[in-house]
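Got the viewer open? Let's walk through this one selection at a time.

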Amino acid sequence: MTHMAPVILEQPPLLAVRPPETISMRTRDGVRLDADLYRPDGVGPWPVLLLRLACGRRTAMTSHYAHPRWYAARGYVVVVQDVRGRGTSEGRFRPFEAEREDGADAVAWAASLPGSNGTVGMYGSGYAGMAQLLALAERPPALRAVVPALAGWDVFTDWATEGGAFRLADAMGWALHCAAESARRLEDGAAYRALLEAIRGLPLDDEIPSRPRVLRDYARHCHYDDWLTTPGPGGSWDELSPRHALSGGVGEVSVLQIGGWYDPRLTGTLAAHEALSAGSDGTVRLLVGPWDRHGVTAHPGMDGRAPSDLPSFDALQLGWFERFLKGEMNGAERGGPIRLFDVLEGRWRDLPALPPAERPLHLSSDGLATRRGGALRDDAPDDAFLDVLVHDPRDPVPTVGGHAVPDAGPRDRAAADARPDVAVYDTAPLTAPLTLSGQAALEIWVEADAPSFDVSAVLSAVLPDGRVLPLSQGHARVEPGGEQRPMPVALRALCATLPTGSALRLSLAGSCFPAYPVNPGTGAEPGETRLVDAQPITLLIHGGGARPSRLLLPARD
């Protein structure tokens, strides 16, 4: 049991729940927002839980959470609201644009509902998590506790791009869902049918893979073209992002963030925890478990089975709300500010802060890292080496596991690492267990025979049984004239204990498709790049001597 789950010595009897009611409110600019209301059948009053959804309130996000009736039976008024332009709510949906003001208006309205005691908590995952953070920026007085899950912090770097590359599969998949919902609301049957078909099989083999015809034909139904073409960071992206909106802190609201090792927005979740901890007068906690973006448990471990004591999102946030909305001394906030799940050892680790990437491992090779592999070693090689890696756009290195959509999770990437267009560097087999908890980074001396190129880096555990399980990953796109020597590649944080006999592996490639678009080598924007435009790119990976490429791992804990 994690320390953030509640300690309930005596479970109170469950309450009967009234039939749901559909209710509406008006935003400050007059737009009607519709919601479903679930209330205990009793005298009350009770705290209110507010869930604001872009995916339709009738689902009540039961893909991630218990049905609202479950919470109502435990003494809460639950409001599940369609955000502007979704479900049956009025207005036009433009991702994140109205969630700051609309969210604050919804909190004040929810606090005034019959049966409410005037205090509000918010929950939800993904977009609904970002909606909580944006509502916080208005500091609505009734809002006392939030539990954003798998949400991120900055729209440009957590939702649209990573390392300068467009998040192709992730952004396209979500855009298709948004467009389909818009088409449904307008009763545009032809568009809805075409978009549903594209959802079931992403049209990545289109003439323009990053801007397929179905999204060109129905661009009016979603935001995809704006995301694909608007430069960043900064500018209009800041107006959408909690990172910018919450620069002044969050006051006394208590925040429990839930992150996932296989969620593409984890890096933003970690950045949010650091910023919120520095700018909050309330309790701020972070928990990162073996979840993907859908909240699904994915535990590679030594036996491949998920731990039996892993708390559900419902148990975590119910304990948080009982503590900070009802005042129950259940210990939900006890322990340190950060708790990380060790994905190989299958246990939780408490940290006061994320250790930085400080411990170096140097790349070493005889020039055949794409054939028989190179090495990771403590000392830098005296002699320089050169590994040559050729990226062929007709057969790009595929996305396999880690956080990258569409194949996120603890997937075995042994077959991908055996490809001749992937350079691998391994440590010697470990003579004792090695725990890595914290940040990781890569500094690599690399050049290419094209104005633009990509570097995809994956840090994995090579287990004694032969499985190669990704622990951390980073992707970087170099635009014309943007080379840095050495080139930094930001890897994601990790928490894993490698067993004796295993090894640590760094894999380098020129693509990770379809998580990110294939780089054509020309410097052209993804939305302007046709399949036929892409050319092979030769990458030269240097190390040793005056150009020591190195991996940086968390300091020993």
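Select S502 to begin: S502 sits in the loop between β20 (487-498) and β21 (503-509). (Strands here are DSSP runs of E of at least two residues, helices H or I runs of at least four, numbered from the N terminus.) You're looking at a predicted model, in which local features need pLDDT of at least 70 and side-chain atom pairs count only at pLDDT 80 or more, while totals for chains, interfaces and linings use all residues. Residues are numbered from 1 along each chain as its sequence is written, and side-chain values use heavy atoms, with hydrogens and water left out.

Is S502 buried or exposed? S502 has a relative accessible area of 0%, so it is buried; buried means under 20%, exposed over 50%, and partly exposed in between (1.4 Å probe, protein chains only). Now show what surrounds S502: setting aside neighbours within four places in sequence, it contacts A428, P429, L430, V462, L463 and P464. Contact means heavy atoms within 4.5 Å.

Next, pick S456, in strand β18 (residues 453-462). S456 counts as buried because its relative accessibility is 5%. Beyond four places in sequence, the contacts of S456 include Q473, G474, H475 and C512. Draw a distance to L491, too: the C-alpha atoms of S456 and L491 are 10.0 Å apart, with their positions 35 residues apart along the chain.

Head to the surface and select V390, in strand β15 (residues 385-391). V390 is partly exposed because its relative accessible area is 44%. Add L386 and V388, and you have a nonpolar surface patch with about 220 Å² of accessible area together. (Patches take residues with over 30% relative accessible area and no salt bridge; like charges are joined within 9 Å, nonpolar side chains, meaning Val, Leu, Ile, Met, Phe, Trp and Tyr, within 5 Å. Areas come from the Shrake-Rupley method with a 1.4 Å probe, and for residues only the protein chains shown count as cover.)

Now zoom out and colour by domain: domain 1 is 17-154 + 241-351, domain 2 is 160-229 and domain 3 is 357-554, with bounds from an automatic or database assignment. The contact between domains 1 and 2 takes 16 residues from domain 1 and 13 from domain 2. About 970 Å² is buried between them, 39% of it from carbon and sulfur atoms; buried area is the accessible area (1.4 Å probe) two parts lose on being put together, summed over both. Highlight R86, R94 and P95, which supply 42% of the area domain 1 buries against domain 2, more than any other three residues.

Which kind of bridge crosses this interface, and how many? Three salt bridges do, each a side-chain nitrogen of Lys or Arg within 4 Å of a carboxyl oxygen of Asp or Glu. Finish on R265 and D170, whose side chains meet in a salt bridge at 3.0 Å, N to O.
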